[in-house]
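Biologist: I am new to this one and would like to know what stands behind the words people use for it. Could you show it to me?

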Amino acid sequence: MELADPSERTAMFCISTRGCLQTLKLLLKDFSTKEKWQLLSKQDSLGQTPLFDVASDVYSDTMKTLLGDLTLEQQRKLIYLQDRCGQTLFHSACVKGISLNMVMSSLRGTVNHKILAKLLLILDNKQRAGFHIAPKNQCSELMLWCKDNLHSELLLKLLKLQDSEGRTLFHIVSTKDQADFIASFFDNLSSTFDPNTVVEFLSIQDNNQRTALHIAAAAGSSELMLWCKDNLHSELLLK
């Protein structure tokens with residue numbers, strides 16, 4: 001099980017990639033927790049572990065089988081582990097366009113809620129969180145998941161997080177095809193944060209000094225503008 005190919009991938013990588021749950025159970029049932037840890041923490045030439053492939057294909061039962069017997073500290077190390085690009089298994093899933101709702105639900109059924117929350121905030125070598133590199137429609141999905149599952153302090157951190165281009169979640173999804181979602185999301189957000197905090201989100205500028213409103217306007221979208229007009233009093237709107 002420890003023999004690796006030229007890419008430094010062991011048989012565990014191949015089994016995990018294919019989600020062969022029964023094979024995994026047969027192979028792992030006689031291993032001690034220490035031996036299991038050694039197999040799962042093995043990194044390939046990219047610095048990735050077998051869990052990167054599991055998360056990317058959302059084999060939730062496979063994830064539970066792999067992580068189930070490990071200690072909380074061992075789970076934390078595997079979930080937070082970053083490859084040579086600084087990316088976690090969450091980044092890996094985002095790059096491949098896997099449904100973020102499925103990824104987060106899969107992990108939530110296996111790992112501690114605090115571990116899961118911190119995972120969302122880990123940045124790669126280009127200062128990008130997973131949502132920065134996910135398809136736009138997946139970002140919308142992630143925003144809804146976070147609103148429903150994170151307490152306000154963590155949600156605030158996530159929504160203010162900027163990548164190396166200075167972009168937040170709002171910059172990424174403030175386009176014509178997503179603006180109606182943004183407006184409805186702000187309706188829900190206003191029940192969690194006061195108007196001043198909402199204005200803070202909208203006032204964050206990227207490296208080109210653009211806010212989410214600039215991007216929405218440039219895309220020919222009026223939904224976000226109309227939401228601001230209808231929901232913010234004149235002084236805040238002027239800002």
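Biologist: Thanks! At what angle do helix H3 and helix H6 pack, and how far apart are their axes?

Modeller: Helix H3 (residues 33-40) and helix H6 (residues 72-80) pack at about 5°, with axes 11 Å apart. Axes are lines fitted to C-alpha atoms, for helices over the stretch in contact, and angles run from 0 to 180 degrees between N-to-C directions. A word on the source: this is a predicted model, where local features need pLDDT of at least 70, side-chain atom pairs count only at pLDDT 80 or more, and totals for chains, interfaces and linings use all residues. Residues are numbered from 1 along each chain as its sequence is written, and side-chain values use heavy atoms, leaving out hydrogens and water.

Biologist: Why are H3 and H6 called roughly parallel?

Modeller: Angles under 35 degrees count as roughly parallel, over 145 as roughly antiparallel, 65 to 115 as roughly perpendicular and the rest as oblique. The angle is about 5°, so H3 and H6 are roughly parallel to each other. Thr 33, Trp 37 and Leu 40 of H3 make the contact (heavy atoms within 4.5 Å) with Gln 74, Lys 77 and Leu 78 of H6.

Biologist: What makes something a helix here?

Modeller: Helices (H or I, at least four residues) and strands (E, at least two) are DSSP runs, numbered from the N terminus. The protein has 17 helices and zero strands.

Biologist: Which residues of H11 are buried?

Modeller: Leu 154, Leu 155, Leu 158 and Leu 159 of helix H11 (residues 152-160) are buried, meaning under 20% relative accessible area (exposed is over 50%, partly exposed in between; 1.4 Å probe, protein chains only). Seen down the axis of H11, the buried residues fall within an arc of 130°, so they line one face of the helix. That arc is of the directions from the helix axis to the C-beta atoms. Of the protein's 239 residues, 49% count as buried.
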